[in-house]
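This briefing goes through one protein model topic by topic, from the overall fold to individual residues. Please keep the structure in view while reading the points that follow it.

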Amino acid sequence: SDHNLVYPTRPEDMDWSTYYPAFVAEGQEEPKLTEGMEVHKAEIGDSEQRIEQALAAKPKQMTKDIEVADIGCGFGGLLVALSPALPDTLILGLEIRVQVTDYVQDRIRALRTQSGNNKDFQNISCLRANTMKFLPNFFRKAQLSKIFICFPDPHFKARKHKQRIVSTTLNSEYAYVLKPGGIVYTITDVQDLHEWMVGHFEAHPSFERISEEEQEADPCVPIMREETEEGKKVARHQGQKYVALFRRMEDPPW
Ligand code: SAM
């Protein structure tokens with residue numbers, strides 16, 4: 001359940017520095033303590049942790065904002081494959097299961113350590129979140145350029161359809177955080193869910209489906225088809241993969 005999920009009230013309250021330490025703006029690794037904080041530091045002694053807490057009220061400036069989100073990222077295969085393909089872009093996986101999120105964070109930490117001075121994999125990270133509830137708490141309006149929805153849980157039964165992560169309401173949230181021209185990427189092995197996603201995005205005034213020609217020319221599409229854990233599983237069983245991309249259109253003038 002959600003009561004132990006930590007989330008910011010507003011996107012600007014979120015401190016991303018521990019998620020993307022290589023993208024913290026210069027001069028902030030050792031934040032200057034204000035007079036009040038100096039007093040506080042003297043009171044509590046030198047405990048790093050406590051100072052961290054005192055500073056947590058003011059998120060560190062980053063050199064970049066997150067631009068790509070992987071909704072329900074699972075074990076992180078897409079993040080790891082997208083990292084070198086979009087080396088200058090901050091990419092975030094969002095995952096609701098604690099152990100899975102921990103696994104992805106450990107996986108990324110290990111990759112960063114192995115890479116050493118090459119500084120690879122600094123642009124990907126993973127956050128525990130329920131994307132059905134808190135997406136606008138993490139991202140500003142028009143912040144994102146790409147959203148990936150890969151092999152979402154199908155929730156087959158009609159009475160479970162309200163749990164699907166594509167719906168009229170949720171599509172409005174995706175539209176809110178995406179910039180005009182931004183793209184939603186979807187893939188599934190369940191034909192009924194594919195048709196559901198296409199139906200809901202095509203019916204939404206903010207989205208238009210991208211042509212098959214443009215879809216197949218997009219370098220992110222083969223990565224999405226081949227590199228997610230679920231995509232690999234479907235390939236092993238020689239299952240079908242249904243892909244659909246949708247463009248966030250400009251809002252009409254009013
Ligand atoms: N995208 C990955 C892939 O293609 O390998 C994982 C697909 S898996 C079938 C669906 C994932 O979405 C699961 O890891 C699940 O925990 C996660 N998930 C489901 N509902 C979610 C929600 N509301 N917020 C965040 N993650 C969610």
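A residue is called buried here if 20 or more other C-beta atoms lie within 10 Å of its own, exposed if 12 or fewer do, and partly exposed in between. The model is predicted, and by this criterion 26% of the 254 residues of the chain count as buried. In helix 3, which spans residues 77–85, the buried residues are Gly77, Leu78, Leu79 and Leu82.

**Overall architecture**

- The secondary structure of the chain amounts to 10 helices and seven strands.
- Among the contacts between residues at least 6 apart in sequence, 77% join residues that are at least 24 apart.

**Helix 3 and its packing**

- The buried residues of helix 3 pack against four strands and two helices by name, namely strand 1 (66–71), strand 2, strand 3 (124–128), strand 4, helix 9 (220–227) and helix 10.
- An α-helix has 3.6 residues a turn, so residues three or four places apart point the same way.
- In helix 3, Gly77, Leu78, Leu79 and Leu82 are the residues to inspect with that spacing in mind, as these are the buried ones.

**Strand pairing around strand 4**

- Strand 4 is mostly covered, since six of its seven residues are buried.
- Strand 4 pairs with strand 1 in the parallel sense over four bridges, and within this pairing valine 68 stands opposite lysine 146 of strand 4.
- Strand 4 also pairs with strand 5 (residues 178–188), again in the parallel sense, over six bridges, with leucine 178 of strand 5 as the bridge partner of leucine 144.
- Between these two strands the chain passes from strand 4 through helix 6 to strand 5, and the resulting β-α-β crossover is right-handed.

**Strands 2 and 3**

- Strand 3 is largely enclosed by the rest of the structure, because four of its five residues are buried.
- Strand 2 and strand 3 run parallel and are joined by five bridges, and leucine 94 stands opposite leucine 127 in strand 3.
- Together with helix 4, strand 2 and strand 3 make a right-handed β-α-β unit.

**The ligand shell**

- The ligand is surrounded by 21 residues, of which Gly72, Gly74, Ile96, Thr228 and Glu230 are the closest.
- The elements that give two or more residues to this shell are strand 2 (90–95), helix 5 (131–138) and helix 10 (229–236).
- Which element gives the most to the shell around the ligand? Helix 10 does, with three residues.
- By class, the shell holds nine nonpolar, seven polar and five charged residues.

**Valine 100 in helix 4**

- Valine 100 belongs to helix 4, which covers residues 98–115, and it is partly exposed because 18 other C-beta atoms lie within 10 Å.
- Leaving aside neighbours within four places in sequence, valine 100 is in contact with Gly74, Phe75 and Glu95.
- Valine 100 and threonine 89 are 11 residues apart in sequence, and their C-alpha atoms are 23 Å apart in space.

**The annotated position and two positive phi angles**

- The UniProt annotation "active site", which comes from an unreviewed entry, covers Asp153; in the model, aspartate 153 is found in the loop between strand 4 (144–150) and helix 6 (168–177).
- Is aspartate 153 buried or partly exposed? Aspartate 153 counts as partly exposed, because 13 other C-beta atoms lie within 10 Å.
- Most residues other than glycine have a negative phi.
- Histidine 155 has a positive phi of about 40° although it is not a glycine; histidine 155 also lies in the loop between strand 4 and helix 6, and it counts as partly exposed because it has 16 C-beta neighbours inside 10 Å.
- Alanine 142, likewise not a glycine, has a positive phi of about 60°, and its place is in the loop between helix 5 and strand 4.
- With 16 other C-beta atoms within 10 Å, alanine 142 is therefore partly exposed.

Conventions. Residues are numbered from 1 along each chain as its sequence is written. This is a predicted model: local features need pLDDT of at least 70, side-chain atom pairs count only at pLDDT 80 or more; totals for chains, interfaces and linings use all residues. A residue is near a molecule or strand if its C-beta atom, placed from the backbone, lies within 6 Å of it. Ala, Val, Leu, Ile, Met, Phe, Trp, Tyr, Cys and Pro count as nonpolar, Asp, Glu, Lys and Arg as charged, and the others, Gly among them, as polar. UniProt positions are given in the numbering used here, feature names are shortened, and annotations may be inferred rather than shown by experiment. Two residues are in contact if their C-beta atoms, placed from the backbone, lie within 7 Å. Two strands pair if DSSP finds at least two bridges between them. A crossover is right-handed if, with the strands pointing away from the viewer, the path from the first strand over the helix to the second runs clockwise.
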